[in-house]
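Dear colleague,

I am passing on the structure below, and I would be glad if you could keep it open while you read the notes that follow it.

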Amino acid sequence: MRNAPAIDAATLSTLLNELRLPAIKVLWPDFAERADKEGWPAARFLSVIAEHELAERDRRRIERHLAEARLPPGKTLDSFDFDAVPMVSKAQVMAIAAGDSWLAKGANILLFGPPGGGKSHLAAAIGLALIENGWRVLFMRTTELVQKLQVARRELQLESAIAKLDKFDLLILDDLAYVTKDQAETSVLFELISARYERRSIMITANQPFGEWNRVFPDPAMTLAAVDRLVHHATIFEMNVESYRRRSAIEAKRQRGRPASFATMRNAAEIDAARQSEPNEALAALPGLNCSLRMGYCLI
């Protein structure tokens with residue numbers, strides 16, 4: 001009879017393996033000992049170990065989904081500088097990050113703005129938050145995904161390749177404007193957009209507004225059809241701000257100051273005037289990229 005507890009424990013371990021309950025297998029001895037000492041009812045004991053099993057499953061699921069999402073590292077909502085992009089509402093972004101009200105409807109999110117304005121950071125940060133809330137996300141540069149779909153088309157597997165992307169609640173296409181204006185490339189991109197229309201969500205970052213998408217799609221009719229599908233159920237952010245990288249470079253230069261040789265060539269008044277003009281000159285050098293939306297679609 002002295003071996004009975006050991007036998008019971010071994011049997012329970014085997015049963016938990018069969019039931020695929022690894023967390024309970026690890027935790028039950030400690031919780032059983034605590035339950036015996038504190039006189040827990042059986043229902044409480046079962047509830048506690050079941051909660052830990054579910055929590056462990058959630059952790060493993062998030063870990064798997066993060067690995068498959070291919071998100072750029074370090075891009076979180078906490079590290080996103082909302083003050084630098086005042087036209088983006090933090091409250092709206094936090095609501096979007098929950099995902100419930102729009103992913104189930106296959107709605108889209110479109111982010112426009114010049115390079116360095118934080119579009120990719122915000123897209124990745126929203127993707128990370130959605131994964132933590134139980135959704136599946138894939139982040140890819142648009143050119144890379146288009147190339148993969150082109151290979152699938154050559155192998156007569158395009159329909160299957162697009163169908164496999166259905167497992168992702170959200171597909172983030174970064175830098176759409178860098179797709180070359182080539183019939184083969186843009187046709188597979190259009191087929192992807194059409195296949196996900198009103199079923200699965202897409203998030204797109206782009207440097208160019210809709211009015212310049214004829215640089216991506218060679219056929220005006222295809223451009224109009226793609227835009228129509230994307231904006232039908234969409235939230236649009238226009239992030240027309242100064243490049244974060246340029247701002248950082250200017251700030252770093254300001255903090256470093258000029259080398260000693262600069263002071264030997266100019267007097268103090270000239271140095272002050274030059275330093276004060278540097279940020280304005282850098283701002284003036286920004287490309288005049290027009291991020292206003294055209295074709296009659298309004299910001300949401």
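In this predicted model, helix α4, which covers residues 90-98, packs against helix α6, which covers residues 119-132, and their axes lie 7 Å apart at an angle of about 45 degrees. An angle between 35 and 65 degrees counts as oblique, and α4 and α6 are therefore oblique to each other. The crossing in which α4 passes α6 is right-handed. If you would like to find the contact on your screen, look on α4 for Val-93, Ile-96, Ala-97 and Ala-98, and on α6 for Leu-122, Ile-126, Ala-129 and Leu-130, since these are the residues that make it.

Another helix that may reward a careful look is α10, which runs from residue 220 to residue 231. From its first C-alpha to its last, this helix of 12 residues reaches 17 Å, which is close to the 16 Å expected at 1.5 Å a residue. Which residues of α10 are buried? They are Met-222, Thr-223, Ala-226, Val-227, Leu-230 and Val-231. When you look down the axis of α10, these buried residues fall within an arc of 145 degrees, so they line one face of the helix.

Turning to the chain as a whole, you will find 13 helices and five strands in it, and of its 300 residues 42% are buried. If we take the contacts between residues at least 6 apart in sequence, 82% of them join residues that are at least 24 apart.

With best wishes

Technical notes. Residues numbered from 1 in each chain as written. Predicted model: local features only at pLDDT ≥ 70, side-chain atom pairs only at ≥ 80, totals over all residues. Heavy atoms only, no water. Helix = DSSP H or I, 4+ residues; strand = E, 2+ residues; numbered from the N terminus. Expected span 1.5 Å × (residues − 1). Buried < 20%, exposed > 50% of the residue type's maximum accessible area, 1.4 Å probe, protein only. Arc of directions from axis to C-beta. Axes fitted to C-alpha atoms, helices over the stretch in contact; angles between N-to-C directions. Parallel < 35°, antiparallel > 145°, perpendicular 65-115°, else oblique. Left-handed = near helix turned anticlockwise from the far one by under 90°. Contact = heavy atoms within 4.5 Å.
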